[in-house]
Amino acid sequence: MANPAQKAALVTGASRGIGRATALKLAADGFAVVVNYAGNTSLAEQTVADIETLGGRALAVQADIGDMEAVERLFAQILETFGRIDVVVNSAGIMQMAKIATDNIGMLDKTLSTNLRGSWLVMAKAAETVSEDGRIIALSSSVLGKSFPGYGAYIASKAGVEGLVKVLANELRGRNIAVNAVAPGPVATELFFEGKSEEQVASIANLAPFERLGQPAEIADVVSFLAGPKGRWVNGQILRVNGGMV
Ligand code: NDP
C-alpha cells in the first residue's frame, strides 16, 4: 500500500551494473525504489530481494525506456504503488561499437532509441510527475572527452543526453527540481567488459591516474549525493566521475 510519507525513487536499468548499485544505495538512503529493467526479470527481482533483505521497500517494473507507452505505464505504476515520485535516475543504456559507416546506421538507430529517445521519454515523465524539491539524474559518459574510434553512436547519444539535462534544468525553473547528469569513466559492468580483450580492459583501466576501473557503488555514491539533501544546490551540471581520466 502507498505510504506517501516515504520518498520514492525510480532507477531505470536497475537489474544490473550502475543502476542496481544505485537502487541499493537509494534504498539504504531511505527511498522506496522502483527497479526498472528491460528483459532480465530474475536479476531485477534479485535487486528487489536484496533491498528487502536490508529492510527497504522496492518493486521491479519491466519497461523499455525507448517505448512511450511502456514509460507511461512505468510512471503510472510508481504513483499507484508509492503515491509519489521524488527522484528519477535514468541509468538504462546500451553501448555498441561500430565505425561511422553507412552500413552501421541500424546500430545508430538502436543506440539513439534507448540512450537518447529513452532519456527524453523518462525525463519528460519525470518533469511531469516529480515532487517539489525532487531530483532528475541522467547517466552520460566521460568517454565524450576521448572520441575513441568506434564510439560514434554512443558518444552522439550521450552528448544529446547532456544537452537535454541542461535544457530541462531551465524548463523546470520555479519548481525547485534539480536536473543533473553523472558522467562516469570506465566502470566494471557488463556494458564495459562486453567485447573487450583482457589487454583492452587493462589499457583502458590504466587511463585514470588511479589506474583502475570504477566500481558501480562509486557511481551510486555520487548519485546518492545528488539525490539527497547535500546535493540541493547542484543544478544543470554534468559531474564527471572517473578517477581523474581526462
Ligand atoms: P549494464 O549493461 O550493466 O546494465 C544496463 C541496464 O540497463 C540493465 O539493467 C538493462 O536491463 C537496462 N536496459 C538496457 N536497455 C534498456 C531499455 N531499453 N529499457 C530499460 N532498461 C534497459 O550497464 P551499466 O550499468 O554499465 O550502465 C549504466 C549507465 O551508465 C548507462 O547509461 C551507461 O551508458 C552509463 N555508463 C556506463 C559506463 C561503464 O563503463 N559501465 C561508463 C559511463 C557511462 P536488462 O538487465 O533487463 O537488460
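A residue counts as buried when its relative accessible area is under 20%. Keep that cut-off in mind while we walk through this predicted model, starting at F192. With a relative accessible area of 6%, F192 falls under the cut-off and is therefore buried. F193 comes out at 37%, so it is partly exposed.

Now for the aromatic rings. A pair of them is described by how far apart the centres are and by the angle between the planes. The count here is 2 aromatic pairs. In one, F148 and Y151 have ring centres 5.6 Å apart and planes at 55°, so this pair is tilted. Y151 is buried at 8% relative accessibility, while F148, at 28%, is partly exposed. The rings of F192 and F193 have their centres 5.4 Å apart, and with planes at 65° the pair is edge-to-face. F192 has a charged partner too: the charged end of K196 sits over its ring, 4.2 Å from the centre.

On to the ligand. It is surrounded by 32 residues, and the closest are S15, I18, G39, Y154 and T189. That shell splits into 15 nonpolar, 13 polar and 4 charged residues. Ligand oxygen atoms also lie close to polar backbone atoms: one is 2.7 Å from such an atom of G39, V187 has one at 2.8 Å, and S91 has one at 3.0 Å. The protein covers 94% of the 910 Å² of accessible area that the ligand has on its own. The elements giving two or more residues to the shell are α1 (17–28), β2 (32–37), α5 (152–171) and α6 (190–193). The top contributor is α6, with 3 residues.

Key
Residues numbered from 1 in each chain as written. Predicted model: local features only at pLDDT ≥ 70, side-chain atom pairs only at ≥ 80, totals over all residues. Heavy atoms only, no water. Phe/Tyr/Trp six-rings, centres within 6.5 Å; stacked < 30°, edge-to-face > 60°. Buried < 20%, exposed > 50% of the residue type's maximum accessible area, 1.4 Å probe, protein only. Lys NZ or Arg CZ within 6 Å of the ring centre and 35° of its normal. Near = heavy atom within 4 Å. Polar contact = N/O pair within 3.5 Å; in protein donor to acceptor, adjacent residues only side chain to side chain. Areas by Shrake-Rupley, 256 points an atom, 1.4 Å probe, with all protein chains shown as cover. Helix = DSSP H or I, 4+ residues; strand = E, 2+ residues; numbered from the N terminus. Nonpolar A, V, L, I, M, F, W, Y, C, P; charged D, E, K, R; others polar.
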